[in-house]
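Work through the two exercises below with the structure at hand. Each task is followed by a stepwise solution.

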2 protein chains.
Amino acid sequence: MEARHLRYAVALAEHGHFGRAAGELGIAQPPLSKQIADLEREIGARLFERTRQGVFPTAAGEAFLARARRALEEIAAAEVDAGRAARGETGRLRLGFVASALLDPLPGVLSRFGRERPDVRLELHEMATSRSSPALIAGELDVAITLGPPRGAGAEHLVSVPIGRDHVIAVMSTAHPYAGQPSVSVDQLRRQPLIVSAGEDEPAVVAGLRGLLGRDSSALGGASVARDVHTIIGLAASGVGVGLGPSRMRAVPRPGVRFCEVTPGTPLPDLVLSFAARDHSPVLRAFLDTIRGNCPEVGSALDDRLRSRT
Amino acid sequence: MEARHLRYAVALAEHGHFGRAAGELGIAQPPLSKQIADLEREIGARLFERTRQGVFPTAAGEAFLARARRALEEIAAAEVDAGRAARGETGRLRLGFVASALLDPLPGVLSRFGRERPDVRLELHEMATSRSSPALIAGELDVAITLGPPRGAGAEHLVSVPIGRDHVIAVMSTAHPYAGQPSVSVDQLRRQPLIVSAGEDEPAVVAGLRGLLGRDSSALGGASVARDVHTIIGLAASGVGVGLGPSRMRAVPRPGVRFCEVTPGTPLPDLVLSFAARDHSPVLRAFLDTIRGNCPEVGSALDDRLRSRT
DNA sequence: CTTGGCGATACCTCAAAAATATCGCCAAAC
DNA sequence: GTTTGGCGATATTTTTGAGGTATCGCCAAG
């Protein structure tokens, strides 16, 4: 049995007349008669009662038509759904990201993506840089935002693009003596109680600080340690000391604190976006477009990477 | 889009291999490749990813396949449902009947029909003989059991068959003086307080009784009147008098009463089954078969009527 | 009795589904 | 390195069957 039989039976039931139903279907009457006859032979039962007053479904016909209409709806929906999925309007995107990405690029990216693709299910997983690459390679994530490019086995199957430069800045209470300065120097920092992030979560930031303060970083030894930037800012605001962290911290709105550049400027690992080179999913594509629109630093690097992948 | 495309796509997804899917479908590989290509062109999106490791659905393919499977299920169900409806295994039967039919043929008929056709929805309507025929003609009933054949406008479009003869019998308490007799005579009845059914519900029975007792039926004038046979039997059991009613009363199980033939024997109108001559519904057909099996008096009369109708 | 409308039938045409043969590609084996 | 084998795509032919035209048979209305 073919979808044609369903369409013809439904049209015949709607018009109650072979000639008019055939006209509506864009065919002549004899083929319609034949197709209905074939259908009835296949079912093994008369589906329509032909009378002078018109053509009416039998009980078997009614049972058939109910199913036929639903089948046709499913077929139409199959075409629509597949098209929407192909255009990336529906589907799922599993995003792994380091917590600091939540400060700067993610809020804008996510809200914009959610507006542009309301029917895409976003699955967000905050995770350390080191866990993202294996998850991408294993197919457990579709896209990841990490600190620095992915490494480890299978990293060559990933495409990655820097989406945000970063460097160390200081944060302190507005009441702090240095708060009036445009920037603070390393020498000044050495004389301060410092607050830094925990090494395990963001080893790159800690390494950057060590580089900044010099090998003899006795100051770091006595620093307070916080697990995320919100805590660093909170401690700095309460006057415990001067906080050090990624420039991304500026995105946290908080009265009573001041952010300062640190001299000399000390770069931190880039925020990097990566995904499987073989993934051509349209949802991923749409997400990359959103990233490009929201991260000015991306530029044409992403297009280059997309063009050169397998 | 045709059902063929759905079947091919589902088979391809199941086997992950063009050649094997084609084999399973009973076609060669090239036609399958072409049909899938056509389908993808119609949808406007690639539905399957061809890799060295096998053929896998894309996101669009998954969306399509989910709908396709449901559509195919509906199509299969359409065939099954239509077949079942055509064989009268499902559907609806609206039966109008006089109350006295509930005494004798209906209990057996209904329980047997319910066992044989568990998925047919039975709609039972107790109604007076005079209301059944119009309801049949108007299409509000599928079949009716009446006292005597249908009359009135449109009755010629009905087929009717007697399914049970009937005559007047008496019922009395086992303590009654006549209870030991094999039968009671009209003369004996004239000397008794009588209990008869109400005229409006079963005028035919009352007419039969008047004929039995003679024109000068003063006895009837003073009779007690009950609206149904159960009341007649109940009153007779309590010794109020002798009840008169259709022989069908015997079917009511009740200790403490005795049923007697009345001499001379007085016929009552036949119980008649009728239905629309143009109704060829298989459910009706099945019901007629059950009637035939349960009512020995029907014999071949029903077959004759079925054969001769339009 | 005739006419007209409707569905079925007969027959033909042609599009397209499927079969056969072959190609191109890539990975694994030698 | 070359070869081989497996797989999907392509080219070409064959065949099926969907659809078109002409016509029939039937019945009800005029």
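**Exercise 1.** In this predicted model, find the polar contacts to DNA strand D and describe the protein surface around the strand.

*Solution.*

Step 1. Take the backbone contacts to phosphate. A polar backbone atom of B:F18 is 3.2 Å from a phosphate oxygen of DNA strand D. For A:A28, a backbone N or O atom lies 2.7 Å from a phosphate oxygen of the strand.

Step 2. Add the side chain of A:R4, which has an N or O atom 3.4 Å from a sugar or linking oxygen of DNA strand D. These distances count as polar contacts because the cut-off is 3.5 Å.

Step 3. Assign the surface to elements. Two or more residues each come from α1 (3–15) and α3 (29–43) of chain A and from α2 (18–25) and α3 (29–43) of chain B. The most, 4 residues, come from α3(A).

Step 4. Sort the surface by class: 8 residues are nonpolar, 6 polar and 4 charged.

**Exercise 2.** Characterise the interface of domain 2 and domain 3 of chain A.

*Solution.*

Step 1. Set the bounds: the domain assignment gives 91–164 + 270–308 for domain 2 and 167–268 for domain 3.

Step 2. Count contacts: 8 residues of domain 2 of chain A touch 8 residues of domain 3 of chain A.

Step 3. Take the area. The two domains bury about 720 Å² between them, with 65% on carbon and sulfur atoms. On the domain 2 side, A:S100, A:L103 and A:L147 lose the most area, together 63% of what that side buries.

Step 4. Check for charge pairing. The interface has 1 salt bridge; A:R248 and A:D104 form a salt bridge with their closest N and O atoms 3.3 Å apart.

Key:
Residues are numbered from 1 along each chain as its sequence is written. Chains are lettered from A and ligands numbered from 1 in the order in which they are written. This is a predicted model: local features need pLDDT of at least 70, side-chain atom pairs count only at pLDDT 80 or more; totals for chains, interfaces and linings use all residues. Side-chain values use heavy atoms; hydrogens and water are left out. A residue is near a molecule or strand if one of its heavy atoms lies within 4 Å of it. A polar contact is a pair of N or O atoms within 3.5 Å; within protein, one must be able to donate a hydrogen and the other to accept it, and residues adjacent in sequence count only if both atoms are side-chain atoms. Ala, Val, Leu, Ile, Met, Phe, Trp, Tyr, Cys and Pro count as nonpolar, Asp, Glu, Lys and Arg as charged, and the others, Gly among them, as polar. Domain bounds come from an automatic or database domain assignment. Contact means heavy atoms within 4.5 Å. Buried area is the accessible area (1.4 Å probe) that two parts lose on being put together, summed over both. A salt bridge is a side-chain nitrogen of Lys or Arg within 4 Å of a carboxyl oxygen of Asp or Glu.
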